[in-house]
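Here is a quick walk through this two-chain model, with an eye on charged side chains and on the place where the chains meet. Have the viewer open as you read.

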Amino acid sequence: MKEIIEKYLEGRASASEQMQLLKWVRKKENRIVFNSSRLGWNKSQRNKPLPEGSEKSWLNIQDQMLQKSFKRWQYSDKINLLVRIAAIFFFVLSLGGGAYIVSSTKEKDIWYSEIEAENGQISKVKLPDGSMVWLNSGSKISYNNLFAENNRDVKLEGEAYFEVQTNEDLSFVVNSGEIQVKVHGTKFNVEAYPGSENIDVVLESGKVQLLSPEVASFQYFLSPGERASFVKSNNQLNISEVNTMKYTSWKDGILNIYNQPLVEVVKRLEKRYNQEFEFAEELKDYHFTFTIKSEPLDEIIQIMEKIAPIKTKQEKNVIVFELDEEKVRELSR
Amino acid sequence: MFDIQTNYNLKKGDPSAFKDVFKLLYPRLKGYCKLFISDDNKVEDLIQETFITLWEKRNSIKTDRSIESYLFVILRNNCLNFLRNEKLEKTTFSIDVEEVSELQYLYQIDLLGKEEKSLEEQLVTSFQEAVDELPDKMKQVFKRCKIEGRKQKEVADEMGISIKMVEKHIAKAKEQIRKKLVDQYPVLIILITLLLEK
């Protein structure tokens, strides 16, 4: 399907391939895959020339743009036009972002591989031992070249969902700063974004052991359906029973926001959509509950504007949330 | 979806952002157009027209809204206008629902984010509306000759008017329909602008 999507985006897909793609993309759950492939394709085109056969059209468009601005010049400020013409002839390619980057750094005879999901992306990775990792936006994991040989250690910054292959001889260890998660074979989620107050581990099935690299005596065995939340500031571990779906559904492109303050909502949206936000101080205690599947950002913002008396404005490339005085007045009436 | 930066740069009038948009969307817009129009030159014209409109209207771009859907709606209207005019020039035509090219929904999902009415349905509806708005006598002549495909002489006899009068009615009707359809175009542009500005 990836190949067909690419062909379609490049305008090379045959009618039957397009039909196949239509049937596939009509299924809601495939949209997110389609959207992310499209994003990846956009980025891959960064330094490529114009698509085949479009050069003439592009020249014609420039011609017409020039003619139109020339006409306007005859009626308006001449210096202004010089800038306009200069602008028309001045082309620099720029397109931000990137899919995921795999890089290696050498350290004696040990190599580290690093996998990163940029903001706006969710990456699914198969590790050398066959374990699967879903990396949430803005997260990275690294492991060394001896992974699956004499260790199964990964270092995580951010959030990831793991489906670990069973191997009784070699335990799988997730290092995320203050907390280590040691497992044999199981499914679980770790959220440990740098700068965040907590490290959260949610166990879906199997058994995991929580350890601390600093305090040797600390250990806790987590049961399925439990969520361990380690508070970095006071080294406290809180255990609660949760609906694990709520914490793991992001891997399928679903973002659950459940009674969260705008501060947290914004953090998640920033990661998911790679878009910077700001908000007025008075809004920080507004709480939101909604679920995002494959909706584009503008739809989400519209929904947020509907469920709370807020409005958005655009300042350069930042979206700013403000209190909508009018709606507040309506509500208090 | 383009990143907000591209939208913002485009709104500012940055030609490199415009070129990026062109580069990434040209193949798909062309693919969509070709579903309805077989003449390659015409397809190129319509696409160029669409991008020029985007450039001209860039001030009304909302940076957090999708440029794809903006471009797509403009292109769809351009196609619609072209097809109507082409239809009008034929000796006779039907205003029943035509065969719908299913693939257009792929482009709608991709560029609009959802499935909407097909172009064919829109074409038929707008035609019916334009024909319905003709003055009574003109409408009858136009319907009998152009849609039912009957002979001018026959219609003239039936209605008790001269053939010259029938020809005159048809010419006038065509002019009026065309004018209405052309008038509709700027209205649609305003609609899109409003839509994009919420």
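Leaving out residues up to four places away in sequence, B:Lys114 touches B:Gln108 and B:Ile109. Keep in mind that this is a predicted model. B:Lys114 sits in the loop between helix 5 (104-112) and helix 6 (119-132) of chain B. Is B:Lys114 buried or exposed? Neither label fits: B:Lys114 is partly exposed, because its relative accessible area is 46% and the partly exposed class runs between under 20% and over 50%. If you want a landmark across the chain, try B:Ser69: B:Lys114 and B:Ser69 are 45 residues apart in sequence, and their C-alpha atoms are 9.9 Å apart in space.

**Chain B as a whole**

Chain B is a helix-and-loop affair, with nine helices and zero strands. Reading along the sequence gives α-α-α-α-α-α-α-α-α. Of its 198 residues, 58% count as buried. Take the contacts in chain B between residues at least 6 apart in sequence, and 69% of them join residues at least 24 apart.

One example of a long-range link is the salt bridge between B:Asp110 and B:Arg28, whose closest N and O atoms are 2.8 Å apart. The pair ties together distant parts of the chain, with B:Asp110 in helix 5 of chain B and B:Arg28 in helix 2 (residues 15-34) of chain B, 82 residues apart. Both ends are tucked away: B:Asp110 counts as buried because its relative accessibility is 3%, and B:Arg28 counts as buried because its value is 2%.

**Salt bridges**

How many salt bridges does the structure hold over all chains? The total is 25. As background, side chains of opposite charge can pair when their charged atoms come close. Here are some of the pairs, with the N to O distance for each.

| Pair | N to O distance |
|---|---|
| B:Asp110 and B:Arg28 | 2.8 Å |
| B:Glu102 and A:Arg26 | 3.0 Å |
| B:Glu148 and B:Arg150 | 3.5 Å |
| A:Lys284 and A:Glu281 | 4.0 Å |

The bridge between B:Glu148 and B:Arg150 has company. Salt bridges with shared partners join B:Arg144, B:Glu148, B:Arg150, B:Glu154 and B:Glu158 into one network. Within that group, B:Arg150 is partly exposed, at 25% relative accessibility.

Over in chain A, the A:Lys284 and A:Glu281 pair has a 4.0 Å N to O distance, and the cut-off for a salt bridge is within 4 Å. A:Lys284 is partly exposed, with a relative accessible area of 33%, whereas A:Glu281 is exposed at 59%.

**A buried acid without a salt bridge**

Now for A:Glu226, which lies in strand 13 (residues 226-231) of chain A. Where is the nearest side chain of opposite charge to A:Glu226? That side chain is A:Lys207, 11 Å away, and A:Glu226 is buried yet has no salt bridge. What A:Glu226 does have is a polar contact of 3.4 Å between its side chain and that of A:Tyr220. Setting aside neighbours within four places in sequence, the residues in contact with A:Glu226 include A:Val201, A:Val202, A:Leu203, A:Phe221, A:Ile239 and A:Val242. A:Ser240 and A:Glu241 are also among them.

**Where the chains meet**

The size of an interface is often given as the accessible area lost when the parts come together. Chain A and chain B bury about 4300 Å² between them, 60% of it on carbon and sulfur atoms. In chain A, A:Tyr8, A:Trp58 and A:Ile61 lose the most area to chain B, together 12% of what that side buries. The contact draws on 54 residues from chain A and 36 residues from chain B.

On the polar side, the rule finds three salt bridges across the interface, one being the B:Glu102 and A:Arg26 pair from the table. There are also eleven residue pairs in polar contact across the interface, both residues at pLDDT 80 or more. Several elements of chain A each supply at least two residues to the side that touches chain B, among them helix 1 (2-9), helix 3 (28-44), helix 4 (55-75) and strand 18 (310-315). Helix 4 of chain A gives the most, with eight residues. By class, this side of chain A has 27 nonpolar, 16 polar and eleven charged residues.

Terms used: Residues are numbered from 1 along each chain as its sequence is written. Chains are lettered from A and ligands numbered from 1 in the order in which they are written. This is a predicted model: local features need pLDDT of at least 70, side-chain atom pairs count only at pLDDT 80 or more; totals for chains, interfaces and linings use all residues. Side-chain values use heavy atoms; hydrogens and water are left out. Contact means heavy atoms within 4.5 Å. Buried area is the accessible area (1.4 Å probe) that two parts lose on being put together, summed over both. A polar contact is a pair of N or O atoms within 3.5 Å; within protein, one must be able to donate a hydrogen and the other to accept it, and residues adjacent in sequence count only if both atoms are side-chain atoms. Helices (H or I, at least four residues) and strands (E, at least two) are DSSP runs, numbered from the N terminus. Ala, Val, Leu, Ile, Met, Phe, Trp, Tyr, Cys and Pro count as nonpolar, Asp, Glu, Lys and Arg as charged, and the others, Gly among them, as polar. Buried means under 20% relative accessible area, exposed over 50%, partly exposed in between (1.4 Å probe, protein chains only). Lys and Arg count as positive and Asp and Glu as negative; His and the chain ends are not counted.
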